[in-house]
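Student: Could we go through this fold together, strand by strand and ring by ring?

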Amino acid sequence: MTTKYETIDSALYIQNRKNFAEQMQAKSLAVFNSNDIYPISSDSSLPFAQHRDILYLSGVDQEETILVIFPDAHEEKYREILFVRETNEHIAIWEGEKLNKAQATAVSGIKTVYWLQDFPVIFRKLMVEAEKVYINKNEHYRVTTAPEVETREDRFIKQLQHDYPGHTYLRSNPILQRLRSVKNKIEIELIQKACAITNKGFRRVLNFVKPDVWEFEIEAEFAHEFLRNRSKGFAYTPIIASGNNANVLHYIQNNQQCKDGDLILLDVGAEYANYSSDMTRTIPVNGRFTPRQREIYNAVLRCKKAAEDLLVAGNNWYKLHQEMGEIYTAELLQLGLLDKADVQNEDPNWPAYKKYMMHGTSHHMGLDTHDYGILTDDFVAGMVFTNEPGFYIPAEGFGIRLEDDYVIQASGKPLNLMQDIPLEAEEIETLMNA
């Protein structure tokens, strides 16, 4: 079975499962389910997007898949099991090729593969042997309320606990939060490919933008370049925000015309093999920054460069943001957007700089754009973070944000995976006027 992206070495998934299994308690098994295909109406559905946890542990990018990890199973063949949907000629004609057992093994490195209909009988045999079960709930720190949509995983867990009430249930998410937050060499290469595709899209857009183009036309230019470079498209819903639209942090309508003299904030990233990139650039519609726009732009750029010095092993997310608050405050005072009285009278819970920079400077990135990671953990080599300072000034009709993706190193400054994407104001202007 072929995929749009190049074949990924199954060694990645073999190692990921090994790392997970080493964290499991004795006599326990773990179960992971694929996502649903979500209906729209009539016979329409959204494009399938795999649950990142089963993808991380198996590489199988297909619906109706279950992974079981049971390191202490008596029979060796049951220590790792993959259940996939049985394929046939009818499915191949109407839906397209699905994984057969040999292909599932090749992708995942798992030797024991069964059809999904065999799951109940085999799983019952394993549950008689197991004492504890790791279940996989969404515990990401950005999930603040219970989701309205019940997932395939949620339904499975509900039925599992009903059918097997005597087992001890454990949480897989804390293990995955730490494992997934540190990327290995293969993962970093995949993220780098996504960043390289984003670079191509941005350079295309620099040659395209001019007064009176529409935001959605710019979005289309990115999409064209992403798709022709083996990406499925955007890693997240793109923000193409001209003028005051940039001051709406999650502006995604992308339906306004870009006016001469305005800036455009572009928060866009390509995916590659389900790994994200996350870039923001701010460019002038007419190819030239005004003196004031350039002044703000360079202040944001200085903040971004200062944050690079803080994205180092041994620091942590909370310290980074505390120190960046002081840097933002100093720059905003210099720009005349804050005065000393604003700072002296500020609410400690909402410092003065938050009027112009109200979001975080950085977040984990990887399989999810806002990836797994425990914020209290110190930074270690292999973690991937965004760096995205911005100043938003509705009174002046624009907002500026700049964002690149970085890999924490064992020592010294982080590796910028987007170092080839134009960033300096002079380079932006030169490329737009070439």
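Tutor: Happy to; what follows is a short set of questions on strands and aromatic rings in this predicted model.

Student: Which strands stand at the edges of the open sheet E12-E15-E16?

Tutor: The three strands of this open sheet pair in an antiparallel way. Two of them have a single partner strand each, so one side of each is left without a neighbour in the sheet. Those edge strands are E12 (384-387) and E16 (415-416).

Student: What is the handedness of the crossover from E5 to E6?

Tutor: Let's start with the pairing: four bridges join E5 to strand E6 (residues 168-171), and the two run parallel. One bridge pairs Lys-132 with Thr-168 in E6. Between these strands the chain passes through helix H6 (residues 152-163), and this β-α-β crossover is right-handed.

Student: How do Phe-222 and Phe-226 pair: stacked, edge-to-face or tilted?

Tutor: Being four residues apart in helix H9 (residues 215-227), they are separated by about one helical turn. Both Phe-222 and Phe-226 are buried. Their ring centres are 5.8 Å apart and the planes make an angle of 50°, so the pair falls between the cut-offs of 30 and 60 degrees and counts as tilted.

Student: Is Tyr-318 buried or partly exposed?

Tutor: Tyr-318 forms an edge-to-face pair with Trp-317, at 5.2 Å centre to centre and 85° between the planes. Trp-317 has 18% relative accessibility, so Trp-317 counts as buried. Tyr-318, at 47% relative accessibility, counts as partly exposed.

Student: Which ring does the charged end of Arg-180 sit over?

Tutor: Look for the ring whose centre is 3.8 Å from that charged end. The ring belongs to Tyr-372.

Notes. Residues numbered from 1 in each chain as written. Predicted model: local features only at pLDDT ≥ 70, side-chain atom pairs only at ≥ 80, totals over all residues. Heavy atoms only, no water. Pairing = 2+ DSSP bridges. Right-handed = clockwise from strand over helix to strand, strands pointing away. Phe/Tyr/Trp six-rings, centres within 6.5 Å; stacked < 30°, edge-to-face > 60°. Buried < 20%, exposed > 50% of the residue type's maximum accessible area, 1.4 Å probe, protein only. Lys NZ or Arg CZ within 6 Å of the ring centre and 35° of its normal.
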